[in-house]
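Here are a few exercises to work through with the model open in your viewer. Try each task before reading its solution.

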Amino acid sequence: MNRATFRALFGPPALLGALPVGAALTALGLGLTGGGRWLLLLGAAATAGALLLLAAVAESGNGSASLAPRPGRPTSYAPARVHGVRVVHAGSGRTLRDSDGRAQGTLFVFDLTVVPAGRSPYRVLVRHPLDVQGLAGRGKDGAPVTAVVAHDPEEPWRTVLPASPPPRERRRARELAAVPGPAAPPVTRTGLPAGAPLLVLGVLYAGVVVALVRAAG
């Protein structure tokens, strides 16, 4: 288990957020082991609600889009080539074909090839609001649009478009527009998907409580 997975599974947000999931699974477990029909029905309903919530978290908080760098982690800047952009719903991530991105609750998703210094380029989807100050080139005279990104060197799937990138990085991005685009594979995200730590901890909580209750008679 790497450090990122350990933090996701045993960090305070996961430990606290898993309590409702654990309570629902505990009620279901006790109902299944002789706790009464009412407890079984309550546990089944609560567990169904918890699973629907976890599915929504996995869809909106994970998907194929990048995440923001962790606070306190080293962050590097890099130029990137913009292949395309689409408008999505901020909550569900669903593509909105009849929206220009200015409607409430919408975001842009940029398809980027990031070219870090001294590292292999990678392709990533970055969710971003209407503000596009991080874009360095506007594609004049047929030139490709370029941008500046901030990313975690050890976790490249944590990539964002910063609001005010340094001027030096803007120049590097404009220079990128003048050279052929590099081929780059999609970035591979490691660790647990969004919502998985809550489910894993919820099962552990429920298993401990049910075992203690049954042992106590």
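**Exercise 1: An aromatic pair**

F108 is buried, with a relative accessible area of 12%. This comes from a predicted model, so keep that in mind throughout.

Task: Find how the rings of F108 and F110 are arranged.

Solution:
- Start with burial: F110 has 4% relative accessibility and counts as buried, under the cut-off of 20%.
- Next, take the geometry: the ring centres of F108 and F110 are 6.1 Å apart and their planes stand at 70°.
- Centres within 6.5 Å make a pair, and planes over 60 degrees apart count as edge-to-face. The F108 and F110 pair is therefore edge-to-face.
- By this rule, the count is one aromatic pair.

**Exercise 2: The largest nonpolar core**

Task: Work out which strands each supply at least two residues of the largest nonpolar core.

Solution:
- Begin with the core itself: it has 15 residues, and F110, L112, V114, V124, V149 and L161 are those with the most contacts inside it.
- Now turn to the strands: β1 (76-89), β2 (106-114), β3 (122-128) and β4 (146-152) each supply at least two of the core residues.
- Look around L112: leaving out residues up to four places away in sequence, its contacts include A80, V82, V124, V126, V149 and L161.
- A second core, separate from this one, has nine residues, among them A18, L25, L201 and A206.

**Exercise 3: Two paired strands**

Task: Which side chains of β3 point to the buried face, and how does β3 pair with β2?

Solution:
- Recall the general pattern: side chains in a regular strand alternate between the two faces of the sheet.
- Apply this to β3: Y122, V124, V126 and H128 point to one face and are buried, whereas R123, L125 and R127 point to the other and are not buried.
- Then check the pairing: β2 and β3 run antiparallel, with seven bridges. V114 has Y122 in β3 as its bridge partner.
- Finish with T113, which lies in strand β2. T113 counts as buried at 2% relative accessibility, and its side chain makes a polar contact of 2.6 Å with that of H83.

**Exercise 4: A helix with a buried face**

Task: Explain why the buried residues of α4 line one face of the helix.

Solution:
- List the buried residues of α4 (residues 167-176): E169, A173 and L176.
- Look down the axis of α4: its buried residues fall within an arc of 55°, so they line one face.
- Residues three or four places apart point the same way because an α-helix has 3.6 residues a turn.
- Compare the other side of α4, where P167, R168 and E175 are exposed.
- Identify the cover: β1 and β4 are among what covers the buried residues of α4.

Definitions and conventions: Residues numbered from 1 in each chain as written. Predicted model: local features only at pLDDT ≥ 70, side-chain atom pairs only at ≥ 80, totals over all residues. Heavy atoms only, no water. Core = buried A, V, L, I, M, F, W, Y, C linked by side-chain atoms within 4.5 Å. Buried < 20%, exposed > 50% of the residue type's maximum accessible area, 1.4 Å probe, protein only. Helix = DSSP H or I, 4+ residues; strand = E, 2+ residues; numbered from the N terminus. Contact = heavy atoms within 4.5 Å. Polar contact = N/O pair within 3.5 Å; in protein donor to acceptor, adjacent residues only side chain to side chain. Arc of directions from axis to C-beta. Phe/Tyr/Trp six-rings, centres within 6.5 Å; stacked < 30°, edge-to-face > 60°. Pairing = 2+ DSSP bridges.
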